Amino acid sequence: MLLKLFLTFFKIGAFTIGGAYAMIPLIRKEICEKQHWISDDDFMDGLAAAQSCPGPIAVNLSIYIGYHIKKGKGMALAVLGTILPSLISIILIAMLFTRFADAALVKKAFHALRPAVVALIAVPMVEMAKKAGINFRNAWFPLIGAVLVGVFLLSPVYLILLTILVSLWQSVKAMTP
Amino acid sequence: MMYLSMFLTFAKIGLFSFGGGYAILAMIRQEVVVTHPWLSQSQFMDVVAISQMTPGPIAVNAATFIGYHKGGIFGAVLCTFGVILPSLVIMLLVTLSYLKLKKQPWFKNIFRNLRLLSVGLIAAALIMVFGDAMRDWFSVIVFVGSLIAGWRFKTNPFYLLIGAAVVGMLFG
């Protein structure tokens, strides 16, 4: 079980190219559908939390999932699994080819990998939007968030704090008659 | 002293970076090019390219690379640990409170709204990488092909990436 946990996150770390978002459906499949380690709902909340906390999203998510499965031990193994592929590959690249990014074949591969990663981010968004409960009445909120961060390069931290404050205010308002 | 300064710098980067890889790179640039004279601008651009091209979270890759560049294997491990240390503490606290409070209506409400924002933030990342990736007709064709493979045929992302790399090496 612990070995399986480590290997699953090692695999996720090894195939996270160009950021965590492209790998979200795969992580969900491995964790929720194949291994039944946590529920779909807990996974979606974990993703929202991983994005709302500082640090790399893949690392945050592995902390959340690892702890859910096997407390501190699970957390340590999941994090180690996620960062080990980075450590190994980067140290090898730094030692062997200092101008890795200039290698013609690598450049050619990335010519196709970049647009493929964009597609991998786009495809699961529709399903995630459904799971997050987006409808015509509340779609303005993620849309405005996407434009503010994606186009105007606003730091997401302001939106995260604002969201938390408004959520708390909603709850207070609901409680007072 | 150098090692301590590197560790603290990357811990700071981890602590103040919200929104994943691309947002973190901006923060890393500020620290290692502007604040500390560790890398030149062109070296930093190399780091960005390598971090995106190699497996693993972008921020972890960049931390490992810069750490190795400045302080060998020990430096690489140190900077990597530095950049994830704030995550370890903060995310553990969030997870613990989640497990305790997830039945509370006010706590549930926060997560219901954060989930909405979460989709918006992914869309934002999409906007940011889209222009950079669509450089020519070849890229557009690969993008549409991947979209069809992922959407219509539910191709596993592992195989899709391997396929894309092969297509790029052959025709890119």
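Which residues in α3(A) meet which residues in α4(B)? In this predicted model, the α3(A) side of the contact is formed by A:D41, A:D42, A:D45, A:G46, A:A49 and A:A50, and the α4(B) side by B:M91, B:V94 and B:Y98. Sorted by class, the contact of α3(A) with α4(B) has five nonpolar residues, three charged residues and one polar residue.

The geometry of this contact between chains can be described as follows. Two packed helices are characterised by the distance between their axes and by the angle between those axes. For helix α3 of chain A, which spans residues 40-52, and helix α4 of chain B, which spans residues 58-101, the axes come within 11 Å and cross at roughly 145°. The crossing in which α3(A) passes α4(B) is right-handed.

Helix α3 of chain A also takes part in a salt bridge between chains, in which A:D45 is paired with B:R115 and the closest N and O atoms are 2.9 Å apart. This pair runs from A:D45 in helix α3 of chain A to B:R115 in helix α5 of chain B, the latter helix comprising residues 105-133. Both A:D45 and B:R115 are buried, and A:D45 is in addition one of the α3(A) residues that meet α4(B).

Within chain A, A:R28 forms salt bridges with A:D40 and with A:E127. In the pair of A:R28 with A:D40, the closest N and O atoms are 2.8 Å apart; A:R28 belongs to helix α2 of chain A (residues 24-34) and A:D40 to helix α3 of chain A, so that distant parts of the chain, 12 residues apart, are linked. In the pair of A:R28 with A:E127, the N to O distance is 3.7 Å. Because A:R28 lies in helix α2 of chain A and A:E127 in helix α5 of chain A (residues 104-131), this second pair ties together parts that are 99 residues apart in sequence.

The residues of these two pairs can also be described by their accessibility. A:R28 has a relative accessible area of 13% and is therefore buried, being under the 20% limit. A:D40, at 28% relative accessibility, counts as partly exposed, and A:E127, at 43%, likewise counts as partly exposed.

Salt bridges that share partners join A:R28, A:D40 and A:E127, together with A:E33 and A:K131, into one network. Over all chains, the count of salt bridges comes to 11.

Technical notes. Residues are numbered from 1 along each chain as its sequence is written. Chains are lettered from A and ligands numbered from 1 in the order in which they are written. This is a predicted model: local features need pLDDT of at least 70, side-chain atom pairs count only at pLDDT 80 or more; totals for chains, interfaces and linings use all residues. Side-chain values use heavy atoms; hydrogens and water are left out. Axes are lines fitted to C-alpha atoms, for helices over the stretch in contact, and angles run from 0 to 180 degrees between N-to-C directions. Helices (H or I, at least four residues) and strands (E, at least two) are DSSP runs, numbered from the N terminus. A crossing is left-handed if the near helix is turned anticlockwise from the far one by less than a right angle, and right-handed if clockwise. Contact means heavy atoms within 4.5 Å. Ala, Val, Leu, Ile, Met, Phe, Trp, Tyr, Cys and Pro count as nonpolar, Asp, Glu, Lys and Arg as charged, and the others, Gly among them, as polar. A salt bridge is a side-chain nitrogen of Lys or Arg within 4 Å of a carboxyl oxygen of Asp or Glu. Buried means under 20% relative accessible area, exposed over 50%, partly exposed in between (1.4 Å probe, protein chains only).
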